[in-house]
Amino acid sequence: MTEPHTDEPVVPASTGSTQPHVPQHTVTIPADVSMVSLLGPRDELLRTMERQFPLVQIHVRGNEFHIGGPSSEVALVERLLDELLVVIDGGQPLNRDAVERSIQMLRAQTVERPADVLTMNIVSNRGRTIRPKTLGQKRYVEAIDENTVVFGIGPAGTGKTYLAMAKAVAALQAKQVNRIILTRPAVEAGERLGFLPGTLNDKIDPYLRPLYDALHDMVDPDSIPRLLAAGTIEVAPLAYMRGRTLNGAFIILDEAQNTSPEQMKMFLTRLGFGSKMVVTGDVTQVDLPGGAISGLRIVRDILGGIEDVHFSELTAVDVVRHRLVGDIVDAYGRWDEHQQRGQTHAVRDAREQGRGPRRAERDRPSR
């Protein structure tokens, strides 16, 4: 823990009177903490703090932070340092994203501490540990633990499928399930698999490649062919699920926005004893032909009141890809809103113009 103390809050003015000035706080970092791990290479993390707290002056001398500014902002900086020290003590290196997300959570006054989010381990492989990186992701992971069927809905880059797969691998390692089943509907951005060269497997394999890529991050690549051959891990199109009952399995349906209502019902009713299902998708990126209804868009209206079924909403705040991805998602959201407002105004103007001549004719004096 840091050891804050407050310096003298007032200084004498040249007239002999005293004027209050910005209180100066000093926070002492324990001697066993590497300041480089806290400040970052070339003070990158310190610069991040300064950008996020423009009203606060932060100076570091040795292992002391000297902080001046509005008391509420200074208190947030002190809390931030406490949270970052907990993360460092847990053996996790800090980066710019971790600092920025910690500040976001502190400003939002969430019940969960940033350190609780950033130190939550899901699965480890080859020295790499997969963890949630945002509060929304942590709540999503906890919902998977607590419910049998979970829907993870949100834009690209929020970790919906990746975290679900990490939970699946962790459940398999803990022998909570005896197999993992990964599936997607065979619809992709308006393309038709029939136009791809090769056999059916040749056509399907590239389409399912994103699931294999994520799997390679969590399981020893040398063991994946063996696990696939034994049926311990199965990656298949959604159509292959029809007529089956899936017992003792962790089942993930990816890109669920491209299911029809009938396909969604078919998939959900495959649930067997001792199994868990996670359904992921982005309702803003439906690729179904002919304006068909997405099964993911209506499933909440159908299942919203059923116990042990949970809906997790992830947003642009939870995007954990390159920082620009979150900005891109927000920009597209603003553009969509602008387009919708423009269409509304166009319809209203057309109606006004349509009424205009009739109103003029009605108001013309009779002869």
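Me: Buried means under 20% relative accessible area. This is a predicted model. How many of the 14 residues of H7 are buried?

Reply: Helix H7 covers residues 160–173. Its buried residues include Lys-160, Met-165, Val-169 and Leu-172. H7 is mostly covered, and the count of buried residues out of 14 is 12.

Me: What is the make-up of the protein in helices and strands?

Reply: The protein has 367 residues, and 43% of them are buried. Take contacts between residues at least 6 apart in sequence: 67% join residues at least 24 apart. The secondary structure comes to 13 helices and 14 strands.

Me: What distance does H7 reach from its first C-alpha to its last?

Reply: H7 has 14 residues. At 1.5 Å a residue, the expected value is 20 Å. The model comes close to that, with a reach of 20 Å.

Me: How far apart are the end C-alpha atoms of helix H6?

Reply: H6 runs over residues 135–146, which gives 12 residues. At 1.5 Å a residue they should span 16 Å. The model agrees, because the end C-alpha atoms are separated by 16 Å.

Me: Is H6 parallel or oblique to H7?

Reply: The two helices pack with their axes 10 Å apart, at an angle of about 40°. Angles under 35 degrees would count as roughly parallel. The angle here therefore makes H6, relative to H7, oblique.

Me: Which residues of H7 make the contact with H6?

Reply: H6 passes H7 in a right-handed crossing. H6 brings Gln-137, Tyr-140, Val-141, Ile-144 and Asp-145. Of these, Gln-137, Tyr-140, Val-141 and Ile-144 are among the buried residues of H6. The H7 side consists of Lys-160, Leu-163, Ala-164 and Lys-167.

Me: How many residues of the contact of H6 with H7 are charged?

Reply: The contact includes Asp-145 of H6, and Lys-160 and Lys-167 of H7. The residues divide into 5 nonpolar and 1 polar, and the charged ones number 3.

Me: Is H7 perpendicular or oblique to H9?

Reply: Helix H9 is residues 209–218, and its axis comes within 10 Å of that of H7. The axes cross at roughly 50°. Roughly perpendicular would need 65 to 115 degrees. H7 is therefore, with respect to H9, oblique.

Me: How many residues of the contact of H7 with H9 are nonpolar?

Reply: H7 passes H9 in a right-handed crossing. The contact is made by Thr-161, Tyr-162, Met-165, Ala-166 and Val-169 of H7, with Leu-211, Ala-214, Leu-215, Asp-217 and Met-218 of H9. Among these residues 1 is polar and 1 is charged, while the nonpolar count is 8.

Me: Which residues of H7 does Val-123 touch?

Reply: Val-123 sits in strand E7, residues 123–125. At 4% relative accessibility, Val-123 is buried. Beyond four places in sequence, Val-123 touches Arg-128, Thr-129 and Ile-130. From the H7 stretch, residues 160–173, its contacts are Ala-166, Val-169, Ala-170 and Gln-173.

Me: What is the phi of Lys-175, just after H7?

Reply: Most residues other than glycine have a negative phi. Lys-175 lies in the loop between H7 and strand E10. At 72% relative accessibility, Lys-175 is exposed. Lys-175 is not a glycine, yet its phi is positive, at about 60°.

Me: Is Gln-109 buried or exposed?

Reply: Gln-109 lies in the loop between helices H4 and H5. Although not a glycine, Gln-109 has a positive phi of about 55°. The cut-off for exposed is over 50%. The relative accessible area of Gln-109 is 69%, so the residue is exposed.

Me: What separation do the C-alpha atoms of Ala-249 and Arg-179 have?

Reply: Ala-249 lies in strand E12, residues 249–253, and is buried, with a relative accessible area of 0%. Ala-249 touches Arg-179, along with Val-177, Ile-181, Gly-274, Ser-275 and Lys-276. Ala-249 and Arg-179 are 70 residues apart along the chain, and their C-alpha atoms are separated by 5.0 Å.

Technical notes:
Residues are numbered from 1 along each chain as its sequence is written. This is a predicted model: local features need pLDDT of at least 70, side-chain atom pairs count only at pLDDT 80 or more; totals for chains, interfaces and linings use all residues. Side-chain values use heavy atoms; hydrogens and water are left out. Helices (H or I, at least four residues) and strands (E, at least two) are DSSP runs, numbered from the N terminus. The expected span of a helix is 1.5 Å times one less than its number of residues. Buried means under 20% relative accessible area, exposed over 50%, partly exposed in between (1.4 Å probe, protein chains only). Contact means heavy atoms within 4.5 Å. Axes are lines fitted to C-alpha atoms, for helices over the stretch in contact, and angles run from 0 to 180 degrees between N-to-C directions. Angles under 35 degrees count as roughly parallel, over 145 as roughly antiparallel, 65 to 115 as roughly perpendicular and the rest as oblique. A crossing is left-handed if the near helix is turned anticlockwise from the far one by less than a right angle, and right-handed if clockwise. Ala, Val, Leu, Ile, Met, Phe, Trp, Tyr, Cys and Pro count as nonpolar, Asp, Glu, Lys and Arg as charged, and the others, Gly among them, as polar.
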